[in-house]
Amino acid sequence: MEKLTYGLIGCGRIAPNHITAALNNEDALEVVALCDPVREHAEKILSFVPEEKRASIRLYEDYRDMLRDGAPALVAIAAESGKHAAIGLDCLEAGCNVIIEKPIALSMDDARALVRMAKEKNVKLCVSHQNRFNKAVQKIRSAVEEGRFGRMLHGTAHILWNRGEEYYAQAPWRGTWAQDGGCLMNQCIHNIDLLRWMMGDEVSEVMAYTDRLRHDYIQAEDLGLALVRFQNGSYGVIEGTTNVYPRNLEETLYLFGENGTVKAGGKSVNIIESWDFRDGKDDSAYVREHFGENPPNVYGFGHTPLYRDMIEAIRDERPPYVDGEAGLRALELVLAIYQSAASGKPVSLPLAQCASTDFTGRFDR
């Protein structure tokens, strides 16, 4: 079967994971373009490609030139978060299938526009919530879908990480309301996505606090605490921060049902630490031993299977496993937390209109 042409837009911190995922699917993808306003960034990502294949890859400083030269069948967008929507809409308009690095956008209007455009152009839109493909997460999801938890009672997502001034200095857009948001939007949205997905997806109300306690050189929050009430009567707790001394501590997901208890932890929700079900269908020790991974960093191993799924979705004409609607729901929950924290009141979902820039100046002292 003919390979799909592939282009990557944005060659920063997360780009190595995307180009590696593309190369790991080289039976189905042909890398044809790398785009970044700073040419040296694109050249660095080009170095990940085997030398004999580099000559056929074009480097661009403006992704629109790439689209004019011949839009690739599949484009991944790993630029600044605040640019995801504009770039994504241009690529969808050009007929590209699109993978957008999380978050899908920074406003509800933009996220809905992306989902709508993909449908209008009959192309696929995937959001890179790659932790859904973790072996541990897939095992937990199978238990959810099989109804093994029974009635869900509550779940908790803890993201206890460290980010210092050096991290933010690497890219001035980080921590800004217009291009990024704070720890919840950037670092914590993966686990927030997992919590919402596992607990039934439909949220009725959120109550939250956010603050900027240590990072006075950024605009947005470095701590977020939220209570979530789901439509099915279950509850969620979210604790996210980049203030943990001296390094990342953990990212954990707890799920508590009337017939089951699960804890997933590790660097990126990649190992199962507790597995107990009333039905006794499987051995807890076996599950803990065989459904874990030890990735070298918090990004995990999920990008490669996410790409494989997207390729199959394009060829089979089905929705990708993590579609635009999934990305929209994760964004919506983060924005609802921001809105509740800013207003001091509970916020009901669905959200009509809300954007990260609505909170500009929130922590100005």
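**Exercise 1. Find which helices supply at least two residues each to the lining of the largest pocket, and describe that pocket.**

Solution. α1 (15-24), α2 (39-46), α3 (63-70) and α4 (84-93) each supply at least two lining residues. Helices here are DSSP runs (H or I, at least four residues) and strands likewise (E, at least two), numbered from the N terminus. The model is predicted: local features need pLDDT of at least 70, side-chain atom pairs count only at pLDDT 80 or more, and totals for chains, interfaces and linings use all residues. Residues are numbered from 1 along each chain as its sequence is written, and side-chain values use heavy atoms, with hydrogens and water left out.

A pocket is found on a 1 Å grid over the protein atoms alone, as an open set of points where a 1.4 Å probe fits, with protein on both sides within 12 Å along at least five of seven lines; lining residues have an atom within 4 Å of a point.

- Step 1, volume: about 1000 Å³. Grid points are joined across faces, edges and corners, and the volume is the space filled by probe spheres set on the points.
- Step 2, lining: 48 residues, with Gly12, Arg13, Ala78, Ala79 and Trp173 nearest the centre.
- Step 3, share: α2 provides the largest, 4 residues.
- Step 4, character: 22 nonpolar, 12 polar and 14 charged. Ala, Val, Leu, Ile, Met, Phe, Trp, Tyr, Cys and Pro count as nonpolar, Asp, Glu, Lys and Arg as charged, and the others, Gly among them, as polar.

**Exercise 2. Describe the second largest pocket by volume and by lining.**

Solution.

- Step 1: the volume is about 240 Å³.
- Step 2: the lining includes Val115, Ala118, Lys119, Pro319, Pro320 and Asp323.
- Step 3: α5 (108-121) and α12 (324-343) are the elements giving two or more residues to this lining. α5 gives the most, 3 residues.
- Step 4: the lining divides into 6 nonpolar, 2 polar and 4 charged residues.

**Exercise 3. Explain why the count of disulfides comes to 0, using cysteines 126 and 183.**

Solution. A disulfide is a covalent bond between the sulfur atoms of two cysteines.

- Step 1: the criterion is a pair of cysteine sulfur atoms within 2.5 Å.
- Step 2: for cysteine 126, the closest cysteine sulfur is in cysteine 91, 14 Å away, so the pair is too far apart for a bond.
- Step 3: for cysteine 183, the closest is that of cysteine 188 at 4.5 Å, also too far for a bond.
- Step 4: cysteine 126 is buried at 1% relative accessibility, and cysteine 183 is buried at 1%. Buried means under 20% relative accessible area (1.4 Å probe, protein chains only).

**Exercise 4. Place arginine 141 in its helix and list its contacts.**

Solution.

- Step 1: arginine 141 lies in helix α6, which spans residues 135-145.
- Step 2: arginine 141 counts as buried because its relative accessibility is 15%. Other buried residues of α6 include Ala136, Val137 and Ile140.
- Step 3: contact means heavy atoms within 4.5 Å. Leaving aside neighbours within four places in sequence, arginine 141 contacts Trp197, Met198 and Tyr321.
- Step 4: the cover over the buried residues of α6 includes α9 (189-198), β11 (250-257) and α10 (284-290).
- Step 5: just after α6, glycine 147 has a positive phi of about 75°.

Technical notes:
Buried < 20%, exposed > 50% of the residue type's maximum accessible area, 1.4 Å probe, protein only.
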